Amino acid sequence: MLEPLGLDARTADVYGLLLANRAWGVAEIAARLGVTTAEAHASVERLTALRLLHRSAASGELRPADPASGLRELLNERKRELAGRQEAVARCEADMAELVGAYSELYTGRTQSAAQRFLGVEAVQERIRALSAEAVSECLTFNPGGAQSRASLDASKPLDRAVLERGVRMRTVYLDSVRNDAVTTEYAEWLTDLGGEVRTAPSLPVRMLLFDRRTVVVPADPENTRKGAVQLTEPGVVVGLAGLFDRVWESAVPLGSRRDRDDRGLTGQERELLRLLGTGLTDEAAGRRLGLSLRTVRRMMAELMKRLGAGSRFEAGLLAARRGWA
């Protein structure tokens, strides 16, 4: 339980014995735990390094630190380390953006023909209609927007039907959250009856449409799809995104199938929620990634905390990591 603080099970036991028996030395500890003197000594040295144990300069006796202050200081150290890593990641992200920007400026002439940008919803929809009409083998889609409106789905049916009737394979991945939306599941069943394939995943990396593994359309701004889209035909980019789709598709679950829990009793959605929150995302941001409301995210987290026996979100994170839940 205290391993994230640097205490393995034996060292934690030694600390507990010394708190309860302040006059004990290494020999008594080894005898009580049934370990060698060297093993008990190693745990004592570890506690000393963590400042949970002090040796009296005068008597040489072992004096354990008050756990209320000692463990709290270790926890604060881990928090500071985590904050430092998050800052390093943020700096890395900024440096990466600068490098990508410099690359784009240097190589604009070489890549201009491989990328086109379409501004506005109507321009994007028109381009998608054109690419769908030109497709000859397959249309692959990541749709991370959560539940779809009936008007939007009804408007897409004529184009979807035309594509499938030409023998083009259509595969779509939605978020698991759409399983609770009658309108979206009704459309998915309609699409499946026509020969389309629909699966769901806990989260999706980006909204994406891939045509014949030659052309891909992604949002210009993933946080605001109304800002337009970018069409890419650079082979290296398209092959990489096609490979990403294949990996997600293999792990996604057909919409008509039941979502099983893993050997830890977790659904894929629960595992993904723990992972997203563990990366530092807020409840609201994690909800957007999962297609869930803020209320649902908080309800799920409360249930997970109860199952973990955690009294706080931070403790839940530690326990989830220890149990391999995230």
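Which residue follows α11, and what is the sign of its phi? Gly 291 follows α11, and its phi is positive, near 75°.

This is a predicted model, in which local features need pLDDT of at least 70 and side-chain atom pairs count only at pLDDT 80 or more, while totals for chains, interfaces and linings use all residues. Residues are numbered from 1 along each chain as its sequence is written, and side-chain values use heavy atoms, without hydrogens and water.

Helices (DSSP H or I, at least four residues) and strands (E, at least two) are numbered from the N terminus. In α11 (residues 283-290), the buried residues (under 20% relative accessible area, 1.4 Å probe, protein chains only) are Asp 283, Ala 285, Ala 286, Gly 287 and Leu 290. Elements that cover them are listed below, among others.

| Element | Residues |
|---|---|
| β5 | 169-175 |
| α10 | 268-278 |
| α12 | 294-308 |
| α13 | 313-322 |

The largest nonpolar core (buried Ala, Val, Leu, Ile, Met, Phe, Trp, Tyr and Cys joined through side-chain atoms within 4.5 Å) has 23 residues; Cys 139, Met 170, Tyr 174, Tyr 187, Leu 191, Val 198 and Phe 211 touch the most other members. At least two residues each come from α6 (121-134), α7 (150-165), β5, α8 (182-193) and β7 (208-211), and α8 gives the most, with 4 residues. Beyond neighbours within four places in sequence, the contacts of Cys 139 (heavy atoms within 4.5 Å) include Val 163, Val 168, Met 170, Leu 210 and Phe 211. A second, separate core of 20 residues includes Leu 204, Leu 210, Val 216 and Val 230.

Technical notes
Buried means under 20% relative accessible area, exposed over 50%, partly exposed in between (1.4 Å probe, protein chains only).
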